[in-house]
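Work through the exercises below with the model open. Try each task before you read its solution.

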Amino acid sequence: MTPTGLQHVALPTLRSDVEAEVRFWALLGFVVVTPPATLAERATWVQAGDGTQIHLLYVSEAAERSGHVAVVAPAPFDATFAALTAAGFTPEPRTSHWGAARAYVHTPGGHLVELMASPPGSAPSPR
């Protein structure tokens, strides 16, 4: 059996927040990709180098933000932390898990993102 992973997550996003969301996700290594023509009017898509996508799904009013997205930050973790801070975001250091640094940060649209220095079960990345 071929292992599978998360392919995409859809985050409800006000159209007025999309540009700022794209700039935020770029700091984590995501780039804009073109969705299929039938979906282009519903969302903006960004994709990481491993193929994982975030779909910024257009909504007409603010939706409740109750979950979170966890991503492995581009290495080195401290550089990503500094880039987010310089861009006006304030990552909040959290307790390390699995031997790796972690932090929480909110996107411009209010989504909670958990940054991890390395994924669970892997060798920790240098902080």
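**Exercise 1. Backbone outliers**

In which loop does Trp98 lie? Then examine its backbone and its exposure.

Solution. This is a predicted model. Step one: place the residue. Trp98 lies in the loop between β6 (92–97) and β7. Step two: check phi. Trp98 has a positive phi of about 55 degrees, although it is not a glycine. Most residues other than glycine have a negative phi, and most peptide bonds are trans. Step three: judge exposure. Trp98 has 49% relative accessibility, so it counts as partly exposed; the class "exposed" starts over 50%.

Now turn to the peptide bonds. The bond from Ala75 to Pro76 is cis, with omega near -5 degrees. Pro76 is placed in the loop between β5 and α2.

**Exercise 2. Strand pairing around β4**

In which sense does β4 pair with β1, and in which with β3?

Solution. Begin with β1. Strand β1 (residues 8–14) runs parallel to β4 (residues 53–59), and seven bridges join the two. Within this pairing, Pro12 stands opposite Leu57. Next take β3. Strand β3 (residues 43–47) pairs with β4 in the antiparallel sense over five bridges. Here Trp45 stands opposite His55. Finish with the connection. β3 and β4 form a hairpin with five residues between them. Gly51, in the turn, has a positive phi of about 95 degrees.

**Exercise 3. Thr52 and the largest pocket**

Is Thr52 buried or exposed? Find its contacts, then go on to the largest pocket.

Solution. Thr52 lies in the loop between β3 and β4. Its relative accessibility is 17%, so Thr52 counts as buried; the cut-off is under 20%. Leaving out residues up to four places away in sequence, Thr52 touches Leu6, Gln7, Phe30, Val46 and Gln47.

Now the pocket. The largest pocket holds about 190 Å³ of space. It is lined by 14 residues, and the closest to its centre are Phe30, Asp50, Thr52, Val71 and Val72. β5 gives the most to this lining, with four residues.

**Exercise 4. Salt bridges**

How many salt bridges does the structure hold? Compare the surroundings of each.

Solution. There are two salt bridges. In one, the side chains of Glu92 and Arg94 meet at 2.7 Å, N to O. Glu92 counts as partly exposed because its relative accessibility is 41%. Arg94 is also partly exposed, at 33%. Another links Arg102 with Glu114, whose closest N and O atoms are 2.4 Å apart. Arg102 lies in strand β7 (residues 100–106) and Glu114 in strand β8 (residues 112–116), so the pair ties together parts that are twelve residues apart in sequence. Both Arg102 and Glu114 are buried.

**Exercise 5. The nonpolar core**

Which residues touch the most other members of the largest nonpolar core?

Solution. Count the set: the largest nonpolar core has 23 residues. Trp25, Leu28 and Leu115 touch the most other members. Next, trace the sources. α1 (18–26), β4, β5 (68–72), α2 (77–86), β7 and β8 each supply at least two residues. β7 gives the most, with four.

Last, look around Leu115. Beyond residues up to four places away in sequence, Leu115 touches Leu28, Val71, Ala73, Phe77, Leu84, Ala101, Arg102, Ala103 and Val105. One of these contacts, Arg102, is also the salt-bridge partner of Glu114. In soluble globular proteins, nonpolar side chains tend to be buried together.

Definitions and conventions: Residues numbered from 1 in each chain as written. Predicted model: local features only at pLDDT ≥ 70, side-chain atom pairs only at ≥ 80, totals over all residues. Heavy atoms only, no water. Pairing = 2+ DSSP bridges. Salt bridge = Lys/Arg side-chain N within 4 Å of Asp/Glu carboxyl O. Buried < 20%, exposed > 50% of the residue type's maximum accessible area, 1.4 Å probe, protein only. Core = buried A, V, L, I, M, F, W, Y, C linked by side-chain atoms within 4.5 Å. Contact = heavy atoms within 4.5 Å. 1 Å grid on protein atoms, 1.4 Å probe; cavity = no way out; pocket = protein on both sides within 12 Å on 5 of 7 lines; lining within 4 Å. Points joined across faces, edges and corners; volume = space filled by probe spheres on them.
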